[in-house]
Amino acid sequence: MGQKINPLGFRLGTTQSHHSFWFAQPRNFSMGLQEDEKIRNSIKNYIQKNRRISSGFEGIARIRIKKRIDLIQVIIHIGFPNLLIEGRTRGIEELQINVQKEFHFSNRRLKIAITRVEKPYEQANILAEYIALQLKNRVSFRKAMKKAIELTEQTDTKGIQVQIAGRIDGKEIARVEWIREGRVPLQTIRAKIDHCSYTIRTIYGVLGIKIWIFVD
């Protein structure tokens, strides 16, 4: 049987780098990992609450975390910064204060920076969020998948595969539907592939969206 592996973990050290960068003693490692997860979740929650327009769209491509002895540096790669934060600096300061309140960093400073992603629809996370939004608005899943592929094709990617699984369109029996455009060489380690799996809660139940984008 073909063994499924996460394409990002498979390419670590060649075309893919870690999203968190820090060193810890083995006994403190799990605490550091949980702290990263909490930081990411609190940033996403804050952005969801304080969006300028109620689009339901976060547009976060990824959140990178670098830790030093006295500093935690968080870089948010975002597709549409103007959607989220009005006065850029004031918004970032508020976000920083909000995250710092949740975590009592005793002897470490927190520094948050926002970087804009050049081509947002080249990012698997943003695309998955877009499809999730369409499905929540009861758009047919095929239409949503095709629209997502059209958006990606405008950004000069080599190929894309989209897969949706669960009770699609509220049918009794869960099934998996997928669509591919171009080529997606998952076995080629040199191929830079962006991957994301995203869970979406609909009124029928939970759907899973997976996206593979062959960038380069």
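**Exercise 1. Build the second sheet strand by strand.**

Task: Over how many bridges do β5 and β8 pair, and in which sense? Then place the other strands of their sheet.

Solution.

Step 1. β5 and β8 pair over 7 bridges, in the antiparallel sense. Take one pair of residues as a landmark: Gln161 has Trp212 in β8 as its bridge partner. The model used here is predicted.

Step 2. Go to the other neighbour of β5. Strand β5 covers residues 159-166 and pairs with β6 over 8 bridges, again antiparallel. Here Ile160 is matched with Glu181 in β6.

Step 3. Now add β7. It runs antiparallel to β8, and 9 bridges join the two. Cys196 stands opposite Ile211 in β8.

Step 4. Look at the link between β7 and β8. They form a hairpin with 4 residues between them. In the turn, Gly205 has a positive phi of about 150°.

Step 5. Write the order. The sheet is open, has 4 strands and reads β6-β5-β8-β7, with antiparallel pairing.

Step 6. Find the edges. β6 (175-182) and β7 (193-201) each have a single partner strand, so one side of each has no neighbour in the sheet. From one strand to the next, the twist averages 10°.

**Exercise 2. Put the helices on this sheet.**

Task: Which strands does helix α5 touch, and which does helix α6 lie across?

Solution.

Step 1. Start with α5, residues 124-136. This helix packs on the sheet and touches β5, β7 and β8 (206-214). Its direction makes about 30° with that of β7.

Step 2. Move on to α6, residues 141-153. This helix lies across β5, β6 and β8. It runs at about 25° to β6.

**Exercise 3. Trace the nonpolar cores.**

Task: How many residues does the largest nonpolar core have, and which elements supply them?

Solution.

Step 1. Count first. The largest nonpolar core has 29 residues. Those with the most contacts inside it are Ile131, Leu135, Ile164, Ile209 and Ile211.

Step 2. Assign the sources. At least two residues come from each of α5, α6, β5, β7 and β8. The largest share is that of α5, with 8 residues.

Step 3. Check the domains. Domain 1 (7-114) and domain 2 (118-212) each give this core at least three residues.

Step 4. Zoom in on Leu135. Leaving out residues up to four places away in sequence, Leu135 touches Phe141, Ile164, Ile200, Leu207 and Ile209.

Step 5. Look for another core. A second, separate one has 19 residues, including Ile60, Ile78, Leu95 and Phe103.

**Exercise 4. Solve the other sheet.**

Task: What is the strand order of the sheet that holds β1, and which strands stand at its edges?

Solution.

Step 1. Read the order. This open sheet has 4 strands, β1-β2-β3-β4, and its pairing is mixed.

Step 2. Find the edges. β1 (20-21) and β4 (109-116) each have a single partner strand, so one side of each is left without a neighbour in the sheet.

Step 3. Inspect the middle. Strand β2 (residues 60-67) and strand β3 (residues 71-78) run antiparallel and are joined by 7 bridges. One landmark is Lys66, whose bridge partner in β3 is Gln73.

Step 4. Add the helix. α2 (residues 29-49) packs on the sheet and touches β1, β2 and β3. The direction of α2 makes about 140° with that of β2.

**Exercise 5. Describe the whole chain.**

Task: How many helices and strands are there, and why can the protein be called as compact as a globular protein of its length?

Solution.

Step 1. Count the elements. The protein has 6 helices and 8 strands. Along the sequence they follow the pattern α-β-α-β-β-α-α-β-α-α-β-β-β-β.

Step 2. Compare the radius of gyration with the rule. The protein has 19 Å, and the globule rule gives 17 Å for 216 residues. The two values are close, so the protein is as compact as a globular protein of that length.

Step 3. Give the extent. Along the principal axes, the C-alpha atoms fill a box of roughly 50 × 40 × 35 Å.

Step 4. Check burial. Of the 216 residues, 42% count as buried; the cut-off is under 20% relative accessible area.

Step 5. Check the contacts. Take those between residues at least 6 apart in sequence: 64% join residues at least 24 apart.

Step 6. Split the chain. The domain assignment gives domain 1 (7-114) and domain 2 (118-212). Their C-alpha centres lie 24 Å apart. The contact takes 17 residues from domain 1 and 20 residues from domain 2.

Key: Residues are numbered from 1 along each chain as its sequence is written. This is a predicted model: local features need pLDDT of at least 70, side-chain atom pairs count only at pLDDT 80 or more; totals for chains, interfaces and linings use all residues. Side-chain values use heavy atoms; hydrogens and water are left out. Two strands pair if DSSP finds at least two bridges between them. Axes are lines fitted to C-alpha atoms, for helices over the stretch in contact, and angles run from 0 to 180 degrees between N-to-C directions. Contact means heavy atoms within 4.5 Å. A nonpolar core is a set of buried Ala, Val, Leu, Ile, Met, Phe, Trp, Tyr and Cys residues joined through side-chain atoms within 4.5 Å. Buried means under 20% relative accessible area, exposed over 50%, partly exposed in between (1.4 Å probe, protein chains only). Domain bounds come from an automatic or database domain assignment. The radius of gyration is taken over C-alpha atoms; the globule rule is 2.2 Å times the number of residues to the power 0.38.
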